[in-house]
Amino acid sequence: MRVVVIGATGNVGTAVLRALRDDDAVTQIVGVARRRPDGPPPPKTTWAQADVSRDELEPLLRGADCVVHLAWLIQPSRDESVTHATNVTGSARVFSAAARAGVPAIVYASSIGAYAPGPKDHGVDEAWPTTGVPSSFYSRHKAATERELDRFEREHPDVRVVRLRPGLIFQRAAATGIRRLFVGPFLPSPLVRPELLPVVPRHPRLRAQALHSDDVADAYRRAIVNPDARGAYNVAAEPPLDGDVVARLLGARAVDVPARVLRGGAALSWWLRLQPSEPGWVDMGLAVPLMDCSRIRDQLGWTPRHSAEDAFLELLAGLRDGAGHPTPPLDPGTSGPMRVREVLTGVGRTSR
């Protein structure tokens, strides 16, 4: 089986390459990325360089048995024309190129962020509306790409299409990449210690589902190699992470904080360029529902090996240690000495 993984060098992509490497059904992997890694590729893998927003994709996809589309931009948060060109237009270009190349299966990285606002006291299944949270560009783009895929399925009913909708995805090796995308250059890594985090904000709707990168990679692997896998699958581990859970893990105290204060703090720090995450991320976190993940367990036999708590603690330790991985999105070296490149290129202004 020949698998093309688009977006192969990020948090999820590197984990998917590991999962496919160990599956005997997969004989060849093409890892596609905007920035080609300098080092040798993993076993079974060859690197290819392409930008989904502008490069010709069809030659890369010919002969593939499955295309896994993971490529997505979270930065620059200050220029939506750039993120939309990759996230929505680029995704549509991938789907069209796969059809022209005769690829029989597409596995797409959707997200919990595609869902409309919903309950926080029980999980919703995959039929919950994927109309997104309007004030979050990430959510808008995930919802728009779901509509692109709806149209693609109507026009190409012969192509097997799978959409995975995971929660937050954590691993130690992604710590540098996650810090750059969501926290920025001004957080001193040595300060990311439980004893130095005495207070955790709590809000009844600030509950998030998460899982380990290796577990979501196993979900992708199952969706790729199982010819009966079709449609959408929610993917998350237990328990949901909220103020009380995180406070217990850190030995801290949970403090009730109004939603307007959470959003106001995010908006002010983003406006001051202290961190790169626009305030729509807070809106999305408060709005999206909890997910019921029974479909992927029942149909694909998927079970996470890591709890959401363990995945969170692994990421926290990676943030403290400045952990990374030798691919451009995850490599600490691409930030420059003292993270100077992150500062000079603008906090939330570039996609690097």
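1. Let's start with arginine 222, which at 23% relative accessibility counts as partly exposed in this predicted model. Its salt-bridge partner is aspartate 218, with 2.8 Å between the closest N and O atoms. Aspartate 218 counts as buried, because its relative accessibility is 17% and the cut-off for buried is under 20%. Both residues belong to helix H6 (residues 213-225), where they sit four residues apart, about one turn of the helix. That spacing fits a general point: an α-helix has 3.6 residues a turn, so residues three or four places apart point the same way.

2. A similar topic comes up in helix H4 (residues 137-155), where arginine 147 and aspartate 150 are about one helical turn apart because three residues separate them. Their side chains form a salt bridge with an N to O distance of 2.9 Å. Arginine 147 is partly exposed at 37% relative accessibility, and aspartate 150 is partly exposed too, at 22%.

3. Next, a pair that links two helices. Glutamate 309 makes a salt bridge to arginine 248, and the closest N and O atoms are 2.3 Å apart. Glutamate 309 is in helix H11 and arginine 248 is in helix H7, so this pair ties together parts that lie 61 residues apart in sequence. Glutamate 309 counts as buried, with 16% relative accessibility, whereas arginine 248 is exposed, with a relative accessible area of 53%. Elsewhere, salt bridges with shared partners connect Glu146, Arg147, Asp150, Glu153, Arg163 and Arg165 into one network. The count of salt bridges comes to 25.

4. Helix H7 itself (residues 243-250) deserves a look. Its buried residues are Gly243, Val245, Val246, Ala247 and Leu250. Among the elements covering them are strand S9 (199-202), strand S12 (237-241), strand S13 (253-256) and helix H11 (308-321). At the N-terminal end of H7, aspartate 242 acts as a cap, with a side-chain oxygen 3.2 Å from the backbone nitrogen of aspartate 244. Just after H7 comes glycine 251, which has a positive phi of about 65 degrees.

5. Now to the sheet. How are its seven strands ordered? They form an open sheet in the order S3-S2-S1-S4-S5-S7-S11, with parallel pairing. Strand S3 (45-49) and strand S11 (231-235) are the edge strands, each pairing on one side only. On average, neighbouring strands of this sheet are turned by 20 degrees against each other, direction ignored.

6. At the S3 end, strand S2 (residues 28-33) runs parallel to S3 and is joined to S3 by five bridges. One of the positions to check is valine 32, whose bridge partner in S3 is alanine 48. Helix H1 (residues 11-21) lies across strand S1 (2-6), S2 and S3, and runs at about 170 degrees to S1.

7. Strand S7 (residues 160-166) is mostly covered, with seven of its seven residues buried. Which residues sit on each face of S7? Arg160, Val162, Leu164 and Pro166 are on one side, and Val161, Arg163 and Arg165 are on the other; all are buried. The general pattern behind such a split is that side chains in a regular strand alternate between the two faces of the sheet. Two of the residues named here, Arg163 and Arg165, also belong to the salt-bridge network.

8. The pairing of S7 can be followed on both sides. Strand S5 (residues 105-109) is joined to S7 by five bridges and the two run parallel; valine 107 has valine 162 as its bridge partner in S7. Five bridges also join S7 to S11, again in parallel, and here arginine 165 is partnered by asparagine 234 in S11.

9. Isoleucine 169 is in strand S8 (residues 168-170) and counts as buried at 15% relative accessibility. Beyond its neighbours within four places in sequence, isoleucine 169 contacts Asn11, Val12, Ile178, Leu211, His212, Ser213 and Val216. Its C-alpha atom is 5.3 Å from that of leucine 211, although the two residues are 42 apart along the chain.

10. Finally, the cysteines. The disulfide count is zero. Cysteine 66 is buried with a relative accessible area of 0%, and cysteine 293 also counts as buried, at 5% relative accessibility.

Technical notes
Residues are numbered from 1 along each chain as its sequence is written. This is a predicted model: local features need pLDDT of at least 70, side-chain atom pairs count only at pLDDT 80 or more; totals for chains, interfaces and linings use all residues. Side-chain values use heavy atoms; hydrogens and water are left out. Buried means under 20% relative accessible area, exposed over 50%, partly exposed in between (1.4 Å probe, protein chains only). Contact means heavy atoms within 4.5 Å. A polar contact is a pair of N or O atoms within 3.5 Å; within protein, one must be able to donate a hydrogen and the other to accept it, and residues adjacent in sequence count only if both atoms are side-chain atoms. A salt bridge is a side-chain nitrogen of Lys or Arg within 4 Å of a carboxyl oxygen of Asp or Glu. Two strands pair if DSSP finds at least two bridges between them. Axes are lines fitted to C-alpha atoms, for helices over the stretch in contact, and angles run from 0 to 180 degrees between N-to-C directions. A disulfide is a pair of cysteine sulfur atoms within 2.5 Å.
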